[in-house]
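Work through the exercises below with the sequence and the model at hand. Each task is followed by a solution in steps.

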Amino acid sequence: MFAAERRQLILEMVRANGAVSLRELARVVQTSEVTVRRDVRALEAEGLLDRRHGGAVLPGGFTRESGFPQKSHLATAEKTAIADLAASFVEEGEAIVVGAGTTTQELARRLARVPGLTVVTNSLLVAQALAHANRVEVVMTGGTLRGSNYALVGSGAEQSLQGLRVSRAFLSGSGLTAERGLSTSNMLSASVDRALVQAAAEVVVLADHTKLGTDTMFQTVPTDLITRLVTDDPPAHDDRAATELQALADQGVQIAVAGATGNPGGDEVPARRQQRRDVPLPSPRRGQVPGAGPGLRTAPVLGDQPPGAERARVADLRRR
């Protein structure tokens with residue numbers, strides 16, 4: 001494919017979806033991410049799109065919201081890994097709220113295996129994923145159906161959440177920055193998400209690396225209210241995403257990174273190896289019990305050694 005053809009296809013994908021990751025662009029145009037990054041830089045110079053952390057968006061500073069069919073095909077491997085890790089934070093018998101989104105839908109599929117769980121949601125897709133789960137109670141909000149993401153919004157949804165109290169809220173969004181926190185492109189969705197946050201003792205944000213550093217119109221969760229971010233490992237060349245993660249950690253957000261191995265460029269993703277990596281925080285947050293949350297990574301233990309083994313090894317080296 002010639003450069004002009006590649007760039008035209010890239011531009012069409014961004015216009016259709018609003019935001020597309022470099023990985024997805026490279027897969028569609030069948031070339032390397034290095035080449036795609038060069039094409040995106042050239043299109044940005046012409047004012048046709050804007051570069052973002054690990055991807056490209058429509059020009060103008062704020063991304064518009066993509067429809068559900070487009071979202072469901074973006075960063076699928078990353079969303080699956082994030083959902084796997086996020087599900088590990090949910091305990092048996094817990095009561096939680098789960099917001100609308102393609103990543104939270106993936107989470108719901110895994111929550112179906114948690115017994116005694118109560119899930120409050122405004123998402124028809126989340127409810128559908130849990131509809132046949134044994135020993136999982138699903139509570140739907142009221143409201144008006146928003147067809148683009150199959151979510152219930154409006155005053156009916158917000159009023160049904162008044163007086164509710166649960167342990168955790170799991171939310172997704174269109175963008176996440178250390179400066180503004182989580183944001184979305186739709187005012188009605190943002191209003192319901194804020195009501196979900198008010199009902200929870202802790203807020204867990206699910207966002208893949210392409211959303212890091214992206215800012216959209218309506219703030220849903222300010223950074224100081226985010227307890228934990230569950231994300232994927234940004235590509236090695238994505239320094240800005242790593243910088244954004246560190247900035248979030250510096251503001252007290254616990255960062256849990258889901259890692260995936262396999263062939264990201266293929267049509268099928270092989271089985272992934274799940275790993276958890278928490279970025280250490282500079283100090284406990286206000287109101288947080290020291291030591292709470294997941295433990296930090298420690299150096300690997302090489303195995304037990306018999307008493308005196310180390311002294312014998314040193315003595316042998318001296319004789320040599």
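## Exercise 1: a sheet and its helix

E1 and strand E3 (residues 55-57) are joined by three bridges and pair in the antiparallel sense. The model is a predicted one.

Task: State which residue is the bridge partner of alanine 19 in E3, then place the two strands in their sheet and find the helix that packs on that sheet.

Solution. Step 1: in E3, alanine 19 has valine 57 as its bridge partner.

Step 2: the sheet is open and has three strands, in the order E1-E3-E2, with antiparallel pairing. Strands E1 (19-21) and E2 (50-52) stand at the edges; each has a single partner strand, so one side of each is left without a neighbour in the sheet. From one strand to the next, the twist averages 25 degrees.

Step 3: helix H2 (residues 22-29) packs on this sheet and touches E1 and E3. The direction of H2 makes about 75 degrees with that of E1.

## Exercise 2: another open sheet

Task: Give the strand order of the sheet that contains E10, E11 and E13, and identify the helix that lies across E11 and E13.

Solution. Step 1: the order is E10-E11-E13, in an open sheet with antiparallel pairing. The edges are strand E10 (175-177) and strand E13 (218-221), and because each has a single partner strand, one side of each lacks a neighbour in the sheet. The twist averages 35 degrees from one strand to the next.

Step 2: strand E11 (residues 181-184) runs antiparallel to E13, and three bridges join them. Threonine 184 has phenylalanine 218 as its bridge partner in E13.

Step 3: the helix is H9 (residues 187-198), which runs at about 20 degrees to E13.

## Exercise 3: salt bridges

Task: How many salt bridges does a search of the whole structure find? For the pairs formed by glutamate 44, arginine 109 and arginine 168, give the partner and the N to O distance, and classify the residues as buried or partly exposed.

Solution. Step 1: the search of the whole structure finds 11 salt bridges.

Step 2: glutamate 44 meets arginine 51 at 2.7 Å, N to O. Relative accessibility is 27% for glutamate 44, so this residue counts as partly exposed. Arginine 51, at 28%, is also partly exposed.

Step 3: arginine 109 pairs with glutamate 106, with the closest N and O atoms 2.5 Å apart. Both residues lie in helix H6 (residues 102-111), three residues apart, about one turn of the helix. Buried means under 20% relative accessible area. Glutamate 106, at 17%, therefore counts as buried, whereas arginine 109, with 42%, is partly exposed. The two residues also belong to a network of salt bridges that links Asp84, Glu106, Arg109 and Arg110.

Step 4: arginine 168 and glutamate 202 meet at 3.4 Å, N to O. This pair links distant parts of the chain, with arginine 168 in strand E9 (residues 166-171) and glutamate 202 in strand E12 (residues 200-206), 34 residues apart. Arginine 168 is buried at 14% relative accessibility; glutamate 202 is partly exposed at 29%.

## Exercise 4: aromatic rings

Task: State how many aromatic pairs a search of the whole structure finds, and say where the charged end of arginine 228 sits.

Solution. Step 1: the search finds zero aromatic pairs.

Step 2: the charged end of arginine 228 sits over the ring of phenylalanine 89, at 4.1 Å from the ring centre.

Conventions:
Residues numbered from 1 in each chain as written. Predicted model: local features only at pLDDT ≥ 70, side-chain atom pairs only at ≥ 80, totals over all residues. Heavy atoms only, no water. Pairing = 2+ DSSP bridges. Helix = DSSP H or I, 4+ residues; strand = E, 2+ residues; numbered from the N terminus. Axes fitted to C-alpha atoms, helices over the stretch in contact; angles between N-to-C directions. Contact = heavy atoms within 4.5 Å. Phe/Tyr/Trp six-rings, centres within 6.5 Å; stacked < 30°, edge-to-face > 60°. Lys NZ or Arg CZ within 6 Å of the ring centre and 35° of its normal. Salt bridge = Lys/Arg side-chain N within 4 Å of Asp/Glu carboxyl O. Buried < 20%, exposed > 50% of the residue type's maximum accessible area, 1.4 Å probe, protein only.
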